[in-house]
Amino acid sequence: MIRFGLPSKGRLKKQVEKFFSERGLELVNAGMIREYLAEFKGEKKVQIILLAASDIPLEIKKGNLDIGITGRDLVFEKILDWRKCILELKQLNFGEADLVIGVPQFWIDVNHLDDLDEVAFFFRKKYSRCLRIATKYQNITREFLIEKQVTNFEIIESQGATEGAIVNGIADVIVDISSTGETLKQNKLKTIEDGTLVKSFASIFVSKNYYKKNKSDVELKRLLDRLVLDI
Amino acid sequence: MLKSKKGILKPKLDSSNLGLEIGRIATIFKKAGLKEISVPSLLNSSDLVDFYGEDLKLRAYTTSDPVRGEQILRPDFTVPILLKHLRGNSHQAKYFYSGNVWRRQNFKSIIPNEQYQMGFELFDSKKTKSISSDVEAYLLINKILSKYKVNSVTGDVQVLTSAINDLDISDYKKTSLKRHLWRPKRFMRLLELYSKQKISGRNNNLFKSANLLLWKEKLRGIESFYGVRTKTDIKERIEILEEELSQNLIANSEKSFLLKLMRFQSSLRQAPKSMLSLSRVGGTFRKAIENFEHRVELLSEHIDTKTVKFQVIYGLTTLEYYDGFVFGFQFDHGKYPPIAQGGRYDSLCSTLSKKGKSICAIGSMLRMDFLRKT
């Protein structure tokens, strides 16, 4: 049985379904706990498991899933050194989203990372603390800013509604996913020029371990061939 | 057995030999008048992140605790000892320590995640004693390692900061340059931004002159402000940037002097004279070299400083909070991390000392796991 993890809700789920139907694969509910298990019509060898997109990377790493479709941003965030255990089988043309730095629109003097670094230093001098950055993407944010040699920042973990963190007084700046920029605008936030951390989209990921052991398996080969097919 | 360029490398110490070595080193520390100090292995995360910055979390192990909040496994001894010392009443103190530190390593690293370190921190309230403490610190490590075949490298961050202080530019620019000395990419970028001669096509981000007026205009029109950063904060920064437009840029000769200085290396003995001859130099730099020369003279009374290497930027990327004399000791091959590293960290002391205590400090650590049989 091939265990295939897919996002359980949202736009990504719909786009994945469309992707499958273009390749002649139809998702049907299976069994009792129908909401979170499914299969492809006529395919008994593939077990579809529906779960939060953000849980898919770790479940592939742990070996609970063999294949999964999810956002690249989530793989980068959840698994450092992901290339060691996960194969990116195919990049898909949906699920586009950028991980960006958002600052208040009225920070008109902050338009580059240089400015952000300097403002963080002013924070340290004037308010005796670091610039606080709220994000769900702690690992990517930390690595990006350290790589860019920005200093005096502190990451605040945010589980959701990150765009409200500044108004709520939890943080000074946010790092969040933005596909159209609309949410940022509604919350009176703006992006900065070199402040895109990841240009993300959905991809098909396969567990390296699983692939190594089963690459001569006919069923797996048939499924993968179908998935990578360009329509 | 591993081979080094100069022959066969001696095996590492086994646990009983390591125990003997720990005892021997502790005796040397005690005879030198140092007092043993202990600090907890679990430290409060927010205290530490505050001055190491977020980089810490890439290197240190964090643990979660819903009651006490995030705790960090001791990544080094220096900062917790400094904090403990600052909480006490004494100004002058000499401590030594012995114990494990924990650091995440990337998968290619040969440094163990859990390593045994010994080391010391010397605190003083008088800046005038700095040079003699520098010498004391270096000689202490030198004595401990004298039975091993090691080389030493020295550096001096003060030489660089004094050269920056001598530049004919605003304090704003000097401060920015100095605070990024430890981050070469950003430092070089600032050096370019602040220089007269620009690499063509480079975007001058900090000083887009035409925008400043527009920004001021816009700022006046904004009514809703939220968060910690106020309208005044923004206005003040725009004014600083405006002021900077009329300020000097770094002259080409100054910039090439600075770059030459950053590449400078020689024997410790030769360094003061050679650095002075690099270019016409200013008063602060001259003073720093005088101090430097004094230190070399004191060291020369005890060791052959012709065989000690000197590099201006030694340790700049790895020894981040050191801001004066720095040193490292290494076996005859480059593959392993320095067996001992240390340096002066006066500005860290003043940053952390909230009561306005004036404290100077120099310290050093020994990586015990890398000692080998003699």
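Domain bounds, as used here, come from an automatic or database domain assignment. On that basis, chain B of this predicted model splits into three parts: domain 1 (1-39 + 74-149 + 332-374), domain 2 (150-169 + 178-183 + 252-329) and domain 3 (170-177 + 184-251). Domain 1 of chain B is thus pieced together from three stretches of sequence, 1-39, 74-149 and 332-374, while domain 3 of chain B is written as 170-177 plus 184-251.

Taken as a whole, chain B holds 14 helices and 14 strands. A compact globule of 374 residues would have a radius of gyration near 21 Å, and chain B comes out at 23 Å, so the two agree. Along its principal axes, the C-alpha trace of chain B covers about 75 × 60 × 45 Å. As for burial, 33% of the 374 residues of chain B count as buried. Sequence separation gives another angle on the fold: of the contacts in chain B between residues at least 6 apart in sequence, 69% link residues at least 24 apart.

Now to the way domains 1 and 2 of chain B meet. Their centres, taken over C-alpha atoms, sit 22 Å apart. The contact draws on 23 residues from domain 1 of chain B and 20 residues from domain 2 of chain B. On the domain 1 side, helix 5 (130-144), strand 13 (340-344) and helix 14 (346-352) of chain B each put in at least two residues. Helix 5 of chain B gives the most to that side, with eight residues. Sorted by class, the domain 1 side of this contact has 12 nonpolar, six polar and five charged residues.

Strand 13 of chain B turns up again in the strand pairing around strand 12 (residues 325-331) of chain B, to which strand 13 is joined by four bridges in an antiparallel arrangement. Within that pairing, B:Gly328 has B:Gln341 of strand 13 as its bridge partner. Strand 12 of chain B also pairs with strand 9 (residues 150-156) of chain B, again in the antiparallel sense, this time over seven bridges. There, B:Asp156 stands opposite B:Phe325 of strand 12. Strand 12 of chain B is mostly covered, with seven of its seven residues buried. Both of its faces are covered: one side carries B:Phe325, B:Phe327, B:Phe329 and B:Phe331, the other B:Val326, B:Gly328 and B:Gln330, and all of these are buried. B:Phe325 and B:Gly328, then, are buried as well as bridged, B:Phe325 to B:Asp156 and B:Gly328 to B:Gln341.

Elsewhere in chain B there is an open sheet of three strands, in the order 4-6-5 and with antiparallel pairing. Strand 4 (42-44) and strand 5 (62-63) of chain B form its edges, each pairing on one side only. Strand 4 of chain B is tied to strand 6 (residues 71-73) of chain B by three bridges, running antiparallel. One of the facing pairs here is B:Leu42 with B:Leu73 of strand 6.

Chain A has its own domain split: domain 1 (2-96 + 201-228) and domain 2 (97-200). The C-alpha centres of these two domains of chain A lie 31 Å apart. Nine residues from domain 1 of chain A and nine residues from domain 2 of chain A make up the contact. On the domain 1 side, the largest share, four residues, comes from helix 3 (residues 72-78) of chain A. That side divides into three nonpolar, two polar and four charged residues.

In chain A, strand 1 (residues 2-7) has parallel partners in two places. Six bridges connect strand 1 of chain A with strand 4 (residues 46-51) of chain A, and A:Arg3 has A:Gln47 of strand 4 as its bridge partner. Strand 1 of chain A also pairs, in the parallel sense and over two bridges, with strand 5 (residues 67-71) of chain A; here A:Gly5 is partnered with A:Gly68.

Finally, the two chains touch each other, with 23 residues from chain A and 26 residues from chain B in the contact. On the chain A side, the elements giving two or more residues are helix 4 (113-127), helix 5 (138-147) and strand 9 (153-157) of chain A. Helix 4 of chain A gives the most to that side, with four residues. By class, the chain A side has 13 nonpolar, five polar and five charged residues.

Terms used. Residues are numbered from 1 along each chain as its sequence is written. Chains are lettered from A and ligands numbered from 1 in the order in which they are written. This is a predicted model: local features need pLDDT of at least 70, side-chain atom pairs count only at pLDDT 80 or more; totals for chains, interfaces and linings use all residues. Two residues are in contact if their C-beta atoms, placed from the backbone, lie within 7 Å. Ala, Val, Leu, Ile, Met, Phe, Trp, Tyr, Cys and Pro count as nonpolar, Asp, Glu, Lys and Arg as charged, and the others, Gly among them, as polar. Two strands pair if DSSP finds at least two bridges between them. The radius of gyration is taken over C-alpha atoms; the globule rule is 2.2 Å times the number of residues to the power 0.38. A residue is buried if 20 or more other C-beta atoms lie within 10 Å of its own, exposed if 12 or fewer, and partly exposed in between; C-beta atoms are placed from the backbone.
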